[in-house]
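Here is a short report on one protein chain. It starts with a single side-chain pair and works outward to the sheets, the core and the chain as a whole.

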Amino acid sequence: MNQHNPDFIFTCHDELPWTPSKFAPGVAVKNLGKANGRAMQLVRFLPGASFPAHLHTDVEFLFMLEGEVLQNGQRLCVGWSMVAPAGTEDFEFVSPTGCIFLLVYGLGTSDLFTGLPSQQRPLCT
């Protein structure tokens, strides 16, 4: 907390360590803060890393900072954003190049990597 703004949380990501994800090898996160049932993270994927299939039980916001990711057939590159409404599913979330993105999500949703069955989805070119 900051003595001049005690109700705000200020974080410098350079001072935070990358923490390995408990959901996927080759993925690490920096927890930037949480409030009112939401959390914000920087997420880093090594080349070829992927998240398992999962359900979004709350809205999720993503903004690409480096690299690219394929999400359900859509290629997201630097500067792209994504909003996943509650009830949507990720069947494919993989980074062929490696990437870093900013993620905002509802707390309590991170344990919902339920291993949904994979579906063949066309990849964008």
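## A histidine pair, two sheets and a core

The side chains of histidine 54 and histidine 56 make a polar contact at 3.4 Å. These coordinates come from a predicted model. Histidine 54 belongs to strand β4, which spans residues 54–55. Is histidine 54 buried or exposed? The relative accessibility of histidine 54 is 5%. The cut-off for buried is under 20%, so histidine 54 counts as buried.

**Overall make-up.** The chain has 11 strands and zero helices. Read along the sequence, the pattern is β-β-β-β-β-β-β-β-β-β-β. The chain holds 125 residues, and buried residues make up 34% of them. Its accessible surface comes to about 7400 Å². Carbon and sulfur atoms account for 57% of that surface. Among contacts with a separation of 6 or more, 64% join residues 24 or more positions apart.

**The six-stranded sheet.** One open sheet has six strands in the order β1-β2-β3-β11-β5-β8, with antiparallel pairing. Its edges are β1 (19–20) and β8. Each edge strand has a single partner, so one side of each is left without a neighbour in the sheet. In this order β11 sits between β3 and β5. β11 pairs with β3 over eight bridges and with β5 over seven bridges. At the β1 end, β1 and β2 pair over two bridges.

Individual residues show the register. Leucine 42 stands opposite leucine 102 in β11. Methionine 64 has phenylalanine 101 of β11 as its bridge partner. Proline 20 stands opposite alanine 28 in β2.

**The three-stranded sheet.** A further open sheet has three strands, ordered β7-β6-β10, and is antiparallel too. Here β7 (74–76) and β10 (93–94) stand at the edges. Each has a single partner strand, so one side of each lacks a neighbour in the sheet. β6 covers residues 69–71 and pairs with β7 over three bridges. Within this pairing, glutamine 71 has glutamine 74 in β7 as its bridge partner.

The bridge counts and directions for four strand pairs are set out below.

| Strand pair | Bridges | Sense |
|---|---|---|
| β3 and β11 | eight bridges | antiparallel |
| β5 and β11 | seven bridges | antiparallel |
| β6 and β7 | three bridges | antiparallel |
| β1 and β2 | two bridges | antiparallel |

**The nonpolar core.** In soluble globular proteins, nonpolar side chains tend to be buried together. The largest nonpolar core of this chain has 19 residues. Which of these residues touch the most other members? They are Val43, Phe45, Phe51, Leu62 and Phe101. Five elements give two or more residues to this core: β2 (27–35), β3 (38–45), β5 (60–67), β8 (81–84) and β11 (99–106). The biggest share comes from β11, with four residues. β11 is also mostly covered, with six of its eight residues buried.

Valine 43 shows how the contacts spread along the sequence. Leaving out residues up to four places away in sequence, valine 43 touches Trp18, Val27, Ala28, Val29, Phe51, Cys99, Ile100, Phe101 and Leu103. Two of these contacts, Phe51 and Phe101, are themselves among the core residues that touch the most other members.

**Summing up.** β11 has antiparallel pairing with β3 and with β5. β11 also gives the most residues to the largest nonpolar core.

Terms used
Residues numbered from 1 in each chain as written. Predicted model: local features only at pLDDT ≥ 70, side-chain atom pairs only at ≥ 80, totals over all residues. Heavy atoms only, no water. Pairing = 2+ DSSP bridges. Core = buried A, V, L, I, M, F, W, Y, C linked by side-chain atoms within 4.5 Å. Buried < 20%, exposed > 50% of the residue type's maximum accessible area, 1.4 Å probe, protein only. Contact = heavy atoms within 4.5 Å. Areas by Shrake-Rupley, 256 points an atom, 1.4 Å probe, with all protein chains shown as cover. Polar contact = N/O pair within 3.5 Å; in protein donor to acceptor, adjacent residues only side chain to side chain.
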